[in-house]
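Here are my notes on the model you sent over. Have it open while you read, since I go through it place by place.

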Amino acid sequence: MKPSVMIVEDDESLGETLRERLVKEGYKVFWSKTAADSKIVFLEKKPNLVILDLRLPDENGFHVAEFIKKESKDTPFLFLTAQAGAQERLKGFELGAVEFIPKPFHLKELLIRLERVIQISQKPFGKKWRSGSLEIHLDSFAVKSPGGELIPLSKRDCALLELLISEPNHVWSRNEILDQIVGEDAFPTQRTIDNAIVRLREALGESSIRNVRGVGYQWIAPLSPLN
């Protein structure tokens with residue numbers, strides 16, 4: 001059974017369209033039309049994911065997002081908005097939004113993005129890994145050498161490393177990396193991603209990350225969880 005989704009949208013037509021389509025796709029759906037009601041529904045129903053309109057009649061969506069993060073920091077949410085400038089998008093990502101979807105949008109695109117968010121959020125993922133003779137400690141932002149030396153990683157570089165090893169068979173394009181790593185760890189440009197890859201290779205070895213020319217980067221080194 002697919003996860004539950006809460007829609008927070010005051011537009012009757014759009015809200016009903018979203019509800020009908022998500023139910024048809026197998027999701028359990030809760031629909032709130034105000035910020036106040038959404039908080040009650042969130043606490044009662046505990047949805048797995050929230051689709052949140054930025055403009056609501058009683059409060060803006062940022063206030064609802066703050067409430068969600070306070071009550072359940074692991075519940076992913078995405079914003080729907082007809083207008084969102086750079087500052088609003090930045091604020092949303094800082095609050096923990098996984099996506100900003102501009103209105104109008106194609107329903108198929110929304111469904112694809114939902115599936116992607118759910119796959120990532122539900123995937124159990126450890127914080128300590130062994131790669132050859134190295135140990136990767138994502139929880140302490142470091143790589144441990146065979147001799148026991150701890151090689152520190154920046155929080156941003158560690159976020160990139162975690163993304164790469166989360167799907168070793170996937171070639172991550174630079175645009176995908178920009179989309180997936182948000183908030184304070186976000187990369188401002190594609191060039192900063194390339195620089196981070198250089199630093200990770202210095203810490204982990206040149207053979208750890210493959211550069212697929214014209215496409216992106218892929219984790220290729222052996223990997224096993226540490227107990």
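The points below go from the overall layout to the cores, the salt bridges and two individual residues.

1. First, a reminder that this is a predicted model. The chain splits into domain 1, residues 4–121, and domain 2, residues 128–225. Taken over C-alpha atoms, the centres of domain 1 and domain 2 sit 30 Å apart.

2. Next, the packing. The largest nonpolar core has 27 residues, and the members touching the most others are Leu-160, Leu-161, Leu-164, Ile-177, Leu-204 and Trp-219. Two or more residues each come from β7 (134–137), α6 (155–166), α8 (190–204) and β12 (216–219). Helix α6 gives the largest share, with seven residues.

3. If you want one residue to centre your view on, I'd take Leu-160. Setting aside residues up to four places away in sequence, Leu-160 touches Ile-177, Ile-181, Phe-187, Ile-193, Ala-196, Ile-197 and Leu-200. There is also a second, separate core of 21 residues, with Phe-30, Ala-35, Leu-54 and Phe-67 among them.

4. On to charges: how many salt bridges turn up in a search of the whole structure? The count is 13. One of them joins Glu-162 to Lys-127, with 2.9 Å between the closest N and O atoms. Glu-162 belongs to helix α6 and Lys-127 to the loop between α5 (107–122) and β6 (128–131), so this pair ties together parts 35 residues apart in sequence. Both partners fall between the 20% and 50% cut-offs for relative accessible area: Glu-162 is partly exposed at 23%, and Lys-127 is partly exposed at 38%.

5. Helix α6 comes up again in the salt bridge between Asp-157 and Arg-199, at 2.6 Å from N to O. Asp-157 is in α6 and Arg-199 in helix α8, so to speak a link between distant parts of the chain, 42 residues apart. What about burial? Asp-157 is buried, with a relative accessible area of 4%, whereas Arg-199 is partly exposed at 40%.

6. Helix α8 has another salt bridge worth a look, between Asp-194 and Arg-174, where N and O are 2.9 Å apart. Arg-174 lies in helix α7 (residues 174–180) and Asp-194 in α8, so the pair ties together parts 20 residues apart in sequence. Are these two residues buried or exposed? Both Arg-174 and Asp-194 are buried.

7. Now Ser-32, which sits in strand β2 (residues 28–32). Ser-32 is buried, and its relative accessible area is 0%. Its side chain makes a polar contact with the side chain of Asp-37, at 2.8 Å. Not counting residues up to four places away in sequence, Ser-32 touches Met-6, Ile-7, Val-8, Glu-9, Asp-37, Ser-38 and Val-41.

8. Glu-9, one of the residues that Ser-32 touches, is also part of a salt-bridge network with Asp-53 and Lys-103. Two members of that network, Glu-9 and Lys-103, are in contact with Leu-14, as is Phe-105, leaving aside neighbours of Leu-14 within four places in sequence. Leu-14 itself is in helix α1 (residues 12–24). Leu-14 and Phe-105 are 91 residues apart along the chain, and their C-alpha atoms are separated by 11 Å.

Notes. Residues numbered from 1 in each chain as written. Predicted model: local features only at pLDDT ≥ 70, side-chain atom pairs only at ≥ 80, totals over all residues. Heavy atoms only, no water. Domains from an automatic or database assignment. Core = buried A, V, L, I, M, F, W, Y, C linked by side-chain atoms within 4.5 Å. Buried < 20%, exposed > 50% of the residue type's maximum accessible area, 1.4 Å probe, protein only. Helix = DSSP H or I, 4+ residues; strand = E, 2+ residues; numbered from the N terminus. Contact = heavy atoms within 4.5 Å. Salt bridge = Lys/Arg side-chain N within 4 Å of Asp/Glu carboxyl O. Polar contact = N/O pair within 3.5 Å; in protein donor to acceptor, adjacent residues only side chain to side chain.
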